[in-house]
Amino acid sequence: MLVLAFDTATPAVTASLDDGERVLAESTTIDARRHGELLVPTIERVLADSGAALRDVTAIVAGSGPGPYTGLRVGLMTAQGLATTLAVPAYGICTLDAVAYGSGLGEPFLVATDARRKEVFWARYQDMRTRADGPFVDRPADVPVEGLPVVGAGAALYPDVLGDHDAPPYPYAGALAALAAERLAEGTPLDPPRPIYLRRPDAVVPGTPKRVTA
């Protein structure tokens with residue numbers, strides 16, 4: 001098993017390689033505006049650091065969001081293109097699941113990431129591996145924290161409402177790859193690499209023009 005994983009659903013452009021036992025290499029750049037420029041060089045870097053070749057990869061895993069449309073699309077389209085080229089399966093894992101797995105928590109908690117527009121994407125977890133509810137998009141004040149710890153960049157952005165927790169703010173690809181490798185080894189079905197959109201795109205097809213009368 002050699003799992004290449006990456007995520008572009010947050011400002012973290014992150015990629016890693018996992019052999020089913022450990023993360024062989026990982027690279028992350030925080031830049032919310034250059035996902036398209038940075039992802040391929042980041043993938044090339046983790047391959048070089050691990051000493052593996054792209055042809056050795058047996059599965060592709062991409063973070064499937066939720067996240068902003070443009071950045072999210074970069075990762076998922078890259079996953080589909082690489083999978084077709086290499087003739088290997090491609091999978092998608094909820095980006096919030098990667099944040100949860102990276103937290104290492106064994107008790108109930110919430111994950112919240114920045115959804116922009118003064119909102120957060122969030123989900124509730126029983127432990128680092130088990131999502132109990134979500135994902136959703138809400139204003140921070142509407143998230144039902146109920147005394148639970150909240151991890152992720154959303155907590156760091158709105159500590160007065162969500163409470164700040166000392167845990168990784170982003171879905172680092174090392175956690176994403178390790179989670180995917182664990183599920184594949186267990187035979188747990190993984191989803192296809194399809195985006196999780198919780199909002200309509202900002203750009204929409206114009207409607208029928210209004211009739212003009214004299």
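**Exercise 1. How many of the 14 residues of H6 are buried, and why is H6 largely enclosed by the rest of the structure?**

Before the solution, a word on the model. This is a predicted model, in which local features need pLDDT of at least 70, side-chain atom pairs count only at pLDDT 80 or more, and totals for chains, interfaces and linings use all residues. Residues are numbered from 1 along each chain as its sequence is written, and side-chain values use heavy atoms, with hydrogens and water left out.

*Step 1.* Fix the terms: buried means under 20% relative accessible area, exposed over 50%, and partly exposed in between (1.4 Å probe, protein chains only). Helices (H or I, at least four residues) and strands (E, at least two) are DSSP runs, numbered from the N terminus.

*Step 2.* Go through the helix: Ala173, Gly174, Ala175, Leu176, Ala177, Ala178, Leu179, Ala180, Ala181, Glu182 and Arg183 are the buried residues of H6.

*Step 3.* Conclude: eleven of the 14 residues are buried, so H6 is largely enclosed by the rest of the structure.

*Step 4.* Look for the cover, which includes E1, E2, E3, E4, E5 and helix H3 (95-103).

**Exercise 2. Describe the sheet and the helices that pack on it.**

*Step 1.* Order the strands: the open sheet has five, arranged E3-E2-E1-E4-E5 with mixed pairing. Two strands pair if DSSP finds at least two bridges between them.

*Step 2.* Find the edges. Strand E3 (23-30) and strand E5 (90-93) each have a single partner strand, so one side of each is left without a neighbour in the sheet.

*Step 3.* Inspect one pair: E4 (residues 59-63) and E5 run parallel and are joined by four bridges. Here Gly63 stands opposite Ile93 in E5.

*Step 4.* Add the helices, taking contact as heavy atoms within 4.5 Å. Helix H2 (residues 69-86) packs on the sheet and touches E1 (3-7), E4 and E5, with its direction at about 170° to that of E4. Helix H6 (residues 173-186) also packs on the sheet, touching E1, E2 (12-18), E3, E4 and E5, and its direction makes about 135° with that of E1. For these angles, axes are lines fitted to C-alpha atoms (for helices, over the stretch in contact), and angles run from 0 to 180 degrees between N-to-C directions.

**Exercise 3. Which residues does Leu176 touch, not counting residues up to four places away in sequence?**

*Step 1.* Locate Leu176: it is found in helix H6, and it is buried, with a relative accessible area of 0%.

*Step 2.* List the contacts: Ala5, Phe6, Asp7, Val61, Ala62, Gly63, Ile93 and Ala98.

*Step 3.* Check one distance: 7.9 Å separates the C-alpha atoms of Leu176 and Val61, which are 115 residues apart along the chain.
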